[in-house]
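Biologist: I have a structure open and should like to go through a few places in it. Could we begin once it is on screen?

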Amino acid sequence: MTKAPAEVAEFDPHRELREAVRKRCAAFGDEYWRHHDEQHEFPWDFYNALAADGWIGIAIPEEYGGGGGGITEASILMEEIAASGAAMNGCSAIHLSIFGMNPLVKHGTPEQRSRYLPRVASGELHVSFGVTEPDAGTDTTNISTRATKVDGGYLVRGQKVWTTKATISEKVLLLVRTTPRAEVERPTDGMTLLLADLQDPRVDIRPIGKTGRNAVVSCEVRYSDLFVPDFDRVGEEGKGFRYLLDGLNPERILLAAEALGIGKVALRRAVAYANERRVFGRPIGRNQGLAFPLAQAHAQLRAAELAIRDASERYDSGMPCGEAANTAKLLAADAGYLAADRAVQTFGGMGYATEFDVERYWRESRLLRLAPVSQEMALNYLAEHVLGLPRSY
């Protein structure tokens with residue numbers, strides 16, 4: 001059984017990609033991530049190193065300076081970053097640059113793509129994602145942030161929450177209502193995507209205190225008549241929600257890969273500790289009470305990994321992937337959290353101590369059962385769209 005990971009790696013078609021990412025991430029050890037999490041400091045050294053290597057533009061078309069890869073390659077990148085011990089602090093530093101501009105790639109004008117995508121690929125341009133609101137949450141069609149049409153553009157007024165990297169981002173891909181919900185035929189109509197400025201006096205940004213992933217800030221953002229020019233509207237007015245959907249499935253696949261990576265590093269640390277730690281004259285890993293839960297965690301991570309690969313390959317091939325993306329996210333989030341929780345249990349009391357890092361993996365893996373969509377909403381999708389059960393919300 002100890003040969004299984006080597007056997008899996010031997011037949012991995014993305015072996016070179018994995019090894020290159022591991023080599024880069026090896027320069028940023030546990031102490032680096034522990035420090036940045038504790039001090040709430042963005043990991044600029046890490047970010048700049050990945051930008052210099054071209055990893056941030058991995059999924060951006062080559063004509064705009066990117067790597068031209070698919071979600072498969074991007075998800076492997078994120079998995080390996082998480083599995084290096086960087087966990088969500090490392091992944092979230094570049095996550096939005098990888099998937100967040102997908103609506104612009106697909107629906108932006110040639111001028112927009114030429115203006116912004118090369119800067120995203122190089123790491124120069126940080127972009128946030130502004131969708132969630134305090135009174136809407138998962139009910140995206142109920143957002144109240146409004147963009148009023150004026151000469152040459154729009155005036156935006158409203159409030160968003162959980163806007164990642166808002167304090168350092170130049171732009172935000174912002175979902176707004178241009179037509180009130182009561183005046184449209186379908187709730188998903190009348191919403192528009194704008195690529196708005198964030199560092200503007202008419203934008204108030206306030207960090208949100210969080211349990212974990214504190215090297216990368218999440219913010220409450222208020223917009224008070226922020227002007228957004230017409231040339232920064234993505235696609236047609238009123239069709240923003242359908243453009244947004246082009247980012248949802250790849251986002252779920254990438255987050256699933258991040259959960260998988262956290263689960264892998266947590267399990268690796270737990271197994272090493274179980275082999276080294278001796279109690280009653282023998283390694284604690286000899287006890288089935290510890291060995292079986294770790295073996296179960298391995299099996300669930302392996303199943304999640306297969307689901308992720310299926311989902312990413314379907315997306316990259318242009319096939320329907322809603323079922324696969326939601327299934328991958330559901331399985332990986334649970335598997336990653338299970339592995340991290342059992343790692344804490346394996347370490348015993350020291351698992352609760354910050355110096356061994358498994359408590360950090362545990363805190364950050366818990367987030368992935370909530371974001372980008374809760375486990376319950378993933379199940380809602382599968383129940384309604386796959387099983388054909390009545391809509392529950």
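Modeller: Certainly. Please keep in mind that this is a predicted model. A convenient starting point is Glu323, which is placed in helix H10, residues 322-347.

Biologist: Is Glu323 buried, partly exposed or exposed?

Modeller: Glu323 counts as partly exposed, because its relative accessibility is 45% and that class lies between under 20% for buried and over 50% for exposed.

Biologist: Which residues form the negative surface patch with Glu323?

Modeller: Asp310, Glu313 and Asp316 form the negative surface patch together with Glu323.

Biologist: Which helix gives the largest share of the negative patch?

Modeller: Helix H9, residues 288-316, supplies the largest share, with three residues.

Biologist: Now another topic, Ser218. Where does Ser218 lie?

Modeller: Ser218 is in strand E7, which covers residues 218-229.

Biologist: And why does Ser218 count as buried?

Modeller: Its relative accessibility is 3%, and buried means under 20%, so Ser218 falls in that class.

Biologist: Which side chain is joined to that of Ser218 by a polar contact?

Modeller: The side chain of Arg213 is, through a polar contact of 2.6 Å with Ser218.

Biologist: One last place, Gly57. Where is Gly57, in terms of the helices?

Modeller: Gly57 sits in the loop between helix H4 (44-53) and helix H5 (71-99). Gly57 counts as buried because its relative accessibility is 1%.

Biologist: What separates the C-alpha atoms of Gly57 and Gly123?

Modeller: A distance of 7.7 Å separates those C-alpha atoms, while Gly57 and Gly123 are 66 residues apart along the chain.

Technical notes
Residues numbered from 1 in each chain as written. Predicted model: local features only at pLDDT ≥ 70, side-chain atom pairs only at ≥ 80, totals over all residues. Heavy atoms only, no water. Patch = residues over 30% accessible without salt bridge, like charges linked within 9 Å, V, L, I, M, F, W, Y side chains within 5 Å. Areas by Shrake-Rupley, 256 points an atom, 1.4 Å probe, with all protein chains shown as cover. Salt bridge = Lys/Arg side-chain N within 4 Å of Asp/Glu carboxyl O. Lys, Arg positive; Asp, Glu negative; His and termini not counted. Charge placed at Lys NZ, Arg CZ, Asp CG, Glu CD. Helix = DSSP H or I, 4+ residues; strand = E, 2+ residues; numbered from the N terminus. Buried < 20%, exposed > 50% of the residue type's maximum accessible area, 1.4 Å probe, protein only. Polar contact = N/O pair within 3.5 Å; in protein donor to acceptor, adjacent residues only side chain to side chain.
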